[in-house]
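Work through the exercises below with the sequence and the structure in view. Each task is followed by a solution in steps.

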Amino acid sequence: MYDIIIIGAGPAGLSAALYASRSGRRVLLLERMMPGGQLPSIPVIENYPPFPSVSGPDLAMQFLEAAMRHGTEVKYEDAVRLTLGKTKLVETAPGGRYEARALILATGAEPKTLGLPDEEKLRGRGVSYCATCDGALFRDKEVGIVGSSAHAAEEALFLARHASVVHMLCPLAVPKDVQNTENIRIYEKAVPSALLSEDGRLCGIRYKDSSGDEKELPVAGLFVAVGMMPANRLCTEIPLTKGGYISTDSEMGTVADGVFAAGDIRDKKLRQIVTAASDGATAAVSALRYLKSI
Ligand SMILES: Cc1cc2nc3c(=O)[nH]c(=O)nc-3n(C[C@H](O)[C@H](O)[C@H](O)COP(=O)(O)OP(=O)(O)OC[C@H]3O[C@@H](n4cnc5c(N)ncnc54)[C@H](O)[C@@H]3O)c2cc1C
């Protein structure tokens, strides 16, 4: 039995882990992907004080080291089911069953998918949601990217440093930063309609162009940059707001006894690294206070 289980190793979960494990409590941190949450997908961060400029992957490692230094146990497992009560049971995809007296949900946000058939099957086999993380794997190859935001433009520019050609499908407006880059080809009002694969790997995409005609592009990689959504699949016993976020009080408490939420998964106005880290610290202190009270 753990004292506290934290789900999600982004800035909120890692900061909660640092505060909780420094108190000498037995803390388990569960992460389904890689440490840092959204951080590895950010090339440069200029608003996490006191760093004037830091890369997301570097900051992620520093967050992880700070949490580990004080004895947090980390397991890379996907939490798939919660059973809440006096004891909180967390079940994970590989069949793990972990119990704790307090729980902190720091599952953050995750990239929106395109909702195309086989998208999940091809994730990691040509389809990616993070150019900063995976772009270098496509050196000298043709890749595609879908998105119209400033973030999509940043990802396309990153890809252009590695890939031979970047085909940028912009379902909405074309972001201005990408317009004069030699190896970025822009497809205005283009919407992907199918993923093509060979031997289980992506080998191309089909898309509808602005006049509704279907065309194909031979790409080895497709990067999806169409926004984020709250990672709330675990919250079957916790009510969510209309937007899919968890409501908390100012101490990060939820309606469930001994269950706290921190970071981007929480209903709040400013979703940033500094606020996620702050939420994590508050959630951990609240969880420690709760443990003393029971
Ligand atoms: C492209 C981009 C650029 C950004 N730039 C900045 C910036 O410059 N400055 C800034 O302050 N903020 C920036 N942000 C926002 C910032 O990254 C987030 O606000 C912050 O990462 C939120 O932290 P979090 O810990 O709440 O969630 P996340 O970082 O989303 O971490 C959540 C973690 O939980 C894990 N998880 C989810 N569900 C489960 C589960 N069921 N089981 C196990 N693990 C699970 C996820 O894999 C993830 O690792 C940016 C975000 C993006 C996407």
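**Exercise 1. State which residue follows helix 1 and what the sign of its phi is.**

Solution. The residue after helix 1 is Gly-24. Its phi is positive, near 90°. Keep in mind that this is a predicted model.

**Exercise 2. Check the span of helix 1 against the rule of 1.5 Å a residue.**

Step 1. The expected span is 1.5 Å times one less than the number of residues. Helix 1 has 12 residues, so it should span 16 Å.

Step 2. The C-alpha atoms at the ends of helix 1 are 16 Å apart, which agrees with the rule.

**Exercise 3. Decide whether helix 1 is mostly covered or mostly open, and find what covers it.**

Step 1. Count the buried residues: 11 of the 12 residues of helix 1 are buried, and the helix is mostly covered. Among them are Pro-11, Leu-14, Ala-16, Leu-18 and Tyr-19.

Step 2. Look for the cover. The elements over the buried residues of helix 1 include strand 1, strand 2, helix 2, strand 6 and helix 6.

**Exercise 4. Describe the largest nonpolar core, then the second one.**

Step 1. The largest nonpolar core has 49 residues. Those touching the most other members are Ile-4, Ile-5, Ile-6, Ala-16, Ile-104, Leu-105 and Ala-262.

Step 2. Elements giving two or more residues to this core include strand 1 (2-7), helix 2 (56-68), strand 6 (97-105) and helix 6. The largest share, 7 residues, comes from helix 1.

Step 3. Take Leu-105 as a sample. Leaving out residues up to four places away in sequence, Leu-105 touches Ile-7, Leu-234, Ile-246, Val-259, Ala-261 and Ile-265.

Step 4. A second core, separate from this one, has 34 residues, including Ala-131, Ala-153, Ile-184 and Val-224.

**Exercise 5. Explain why helix 5 counts as largely enclosed.**

Step 1. Helix 5 covers residues 150-160, and 8 of these 11 residues are buried, so the rest of the structure largely encloses the helix. Ala-153, Glu-154, Glu-155 and Phe-158 are among the buried ones.

Step 2. The buried residues of helix 5 pack against helix 4 (131-134), strand 9 (142-146), strand 10 (165-170), strand 11 (184-188) and strand 15 (221-224).

**Exercise 6. Classify Leu-196 as buried, partly exposed or exposed.**

Step 1. Locate the residue: Leu-196 is in strand 12, residues 191-198.

Step 2. A residue is buried with 20 or more other C-beta atoms within 10 Å, and exposed with 12 or fewer. Leu-196 has 17 such neighbours, so it is partly exposed.

Step 3. Beyond the neighbours within four places in sequence, Leu-196 is in contact with Cys-203, Gly-204, Ile-205, Arg-206 and Glu-216.

**Exercise 7. Describe the surroundings of the ligand.**

Step 1. The ligand is surrounded by 36 residues, of which Gly-8, Gly-10, Gly-37, Gly-108 and Gly-263 are the closest. Helix 1 (11-22) and helix 6 (273-293) are the elements that give two or more residues to this shell.

Step 2. Sort the shell by type: 19 residues are nonpolar, 12 polar and 5 charged.

**Exercise 8. Compare the radius of gyration of the chain with that of a compact globule.**

Step 1. For 294 residues, a compact globule would have a radius of gyration near 19 Å.

Step 2. The chain has 21 Å, which agrees. Its C-alpha trace spans about 65 × 40 × 35 Å along the principal axes.

Terms used
Residues are numbered from 1 along each chain as its sequence is written. This is a predicted model: local features need pLDDT of at least 70, side-chain atom pairs count only at pLDDT 80 or more; totals for chains, interfaces and linings use all residues. Helices (H or I, at least four residues) and strands (E, at least two) are DSSP runs, numbered from the N terminus. Two residues are in contact if their C-beta atoms, placed from the backbone, lie within 7 Å. A residue is near a molecule or strand if its C-beta atom, placed from the backbone, lies within 6 Å of it. Ala, Val, Leu, Ile, Met, Phe, Trp, Tyr, Cys and Pro count as nonpolar, Asp, Glu, Lys and Arg as charged, and the others, Gly among them, as polar. The radius of gyration is taken over C-alpha atoms; the globule rule is 2.2 Å times the number of residues to the power 0.38. A nonpolar core is a set of buried Ala, Val, Leu, Ile, Met, Phe, Trp, Tyr and Cys residues joined through C-beta atoms within 7 Å.
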